[in-house]
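Biologist: I am new to this structure and would like a close look at one part. Please choose it and walk me through it slowly.

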Amino acid sequence: MIYPIRPCVHLYMELRWNPVAAEWVVVSAKRKERPILERESCPFCPGSSEIPDGDWDVLVLENKFPSLTMEPPEPDQEAMLPYKVKPSYGACLVVIYSPDHSLHLGRMPTSHIEKIVGAWSGLMERFSSDTKVKYVLVFENRGKEMGVTIEHPHGQVYAFPFIPPIIRREMEVSRHYFTEHKCCLFCDVVKAEISARSRLVYQNRSFISFIPFAPKMPYGVSIYPRRHVADLLGLNAVERHDLSESIRQVVARLDDLFKREMPYSMVLHQQPTDRSSSDFYHFHVEFFPKYRERDKLKFLAGVELGAGTVTYDYLPEEKAAELREVR
Ligand SMILES: [Zn+2]
Ligand SMILES: [Zn+2]
Ligand SMILES: [Zn+2]
């Protein structure tokens with residue numbers, strides 16, 4: 001069930017171009033009023049004023065404080081070289097996973113995660129027909145360590161008017177690899193991981209879940225489809241089921257290993273909405289779990305933030321074995 005997207009006008013919102021990094025920054029000045037964690041009056045539980053009446057399994061709402069909107073104001077700032085500005089066109093949606101306040105992805109039945117995958121696919125389809133939307137980013141932040149203010153299980157979907165830099169870089173790299181090797185980079189990663197085995201965490205007939213050869217985070221599991229498929233809309237029914245089961249398995253294993261709900265960001269990487277990159281780009285899911293040991297958070301600091309270089313103080317194969325053997 002999708003609740004209609006309401007227009008939202010902020011006091012201040014625009015996209016500003018960072019000419020040094022060559023990337024857009026989404027600027028909006030109304031996010032201070034975000035709600036705080038509160039069990040008593042969960043805005044996502046049935047009965048709340050935020051939630052429309054009626055039965056629902058998975059609910060899509062507009063973020064109450066969106067930084068991208070379908071009717072953005074004109075930018076306030078003058079564009080003077082080397083800067084650029086443009087309106088914050090797009091959408092910030094919330095996907096409430098279920099009416100149940102405590103049913104997170106690691107615990108819910110696979111058949112219910114399939115409904116969430118269906119909602120994500122529906123949004124990809126909807127925004128693919130809007131030529132001003134260039135990219136649909138599906139993600140979940142979980143846990144207060146990730147800045148989440150509402151604990152009711154939910155994810156988010158941003159419809160961007162540009163291709164975000166990490167995706168852009170993956171596209172450049174995989175396009176180049178495709179030209180050079182006449183095959184998909186990600187398909188070659190799947191082959192390498194299946195043959196190495198040591199970094200596999202979980203596999204089923206359509207997907208493998210593994211800690212990458214050179215990971216970004218200590219428990220940063222990736223989920224790749226075995227078949228070459230570039231976005232959510234390319235998945236068949238069996239693959240939607242197997243993706244759902246893979247997500248459930250990865251979250252449950254992180255939780256089991258840490259004996260707590262592991263705070264994380266989960267991000268789906270798919271081709272841009274024009275769907276013209278399906279030769280060389282390959283759908284996948286990346287997890288960014290926040291803990292590196294039971295009682296130690298992983299912080300990004302100078303080397304990561306200032307140089308973009310990951311330092312990994314563990315053996316990826318050992319981290320994969322821990323997650324593989326935990327259940
Ligand atoms: Zn709730
Ligand atoms: Zn591929
Ligand atoms: Zn990726």
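**The zinc sites**

Modeller: Let's start with the zinc ion (ligand 1), which Cys42 (SG), Cys45 (SG), His101 (ND1) and His152 (ND1) coordinate at 2.0 to 2.3 Å. Donors here are N, O and S atoms within 2.8 Å of the metal. Please keep in mind that this is a predicted model, in which local features need pLDDT of at least 70 and side-chain atom pairs pLDDT 80 or more, while totals for chains, interfaces and linings use all residues. Residues are numbered from 1 along each chain, chains are lettered from A and ligands numbered from 1 as written, and side-chain values use heavy atoms, without hydrogens or water.

Look at the angles next: the four donor atoms around the zinc ion (ligand 1) subtend 105 to 118°, so their arrangement is tetrahedral (all angles between 85 and 135 degrees). Read along the chain, the donors of this zinc ion (ligand 1) have the spacing C-x2-C-x55-H-x50-H. The two histidines link distant parts of the chain, 51 residues apart. Histidine 101 is found in the loop between strand 5 (91-96) and helix 1 (110-128), and histidine 152 in the loop between strand 6 and strand 7 (154-160). Helices (H or I, at least four residues) and strands (E, at least two) are DSSP runs.

How much of these side residues can a probe reach? Histidine 101 has 12% relative accessibility and therefore counts as buried (under 20%; exposed is over 50%, partly exposed in between, with a 1.4 Å probe and protein chains only). Histidine 152, with a relative accessible area of 0%, is buried too.

Now move on to the zinc ion (ligand 2). Its coordination comes from Cys184 (SG), Cys187 (SG), His228 (ND1) and His282 (ND1), at 2.0 to 2.3 Å. Angles of 105 to 112° between the four donor atoms make the arrangement around the zinc ion (ligand 2) tetrahedral. The spacing of these donors along the chain reads C-x2-C-x40-H-x53-H.

Why does the histidine pair at the zinc ion (ligand 2) tie parts of the chain together? Histidine 228 sits in the loop between strand 10 (222-225) and helix 4 (237-258), and histidine 282 in the loop between strand 11 (264-269) and strand 12 (284-289), so the pair joins parts that are 54 residues apart in sequence. As for accessibility, histidine 228 counts as partly exposed, at 27%, whereas histidine 282 is buried, at a relative accessible area of 0%.

Methods. Donors = N, O, S within 2.8 Å, 3.2 Å for Na, K, Ca; no water. Tetrahedral: all angles 85-135°; square planar, octahedral: opposite > 155°, others 65-115°.
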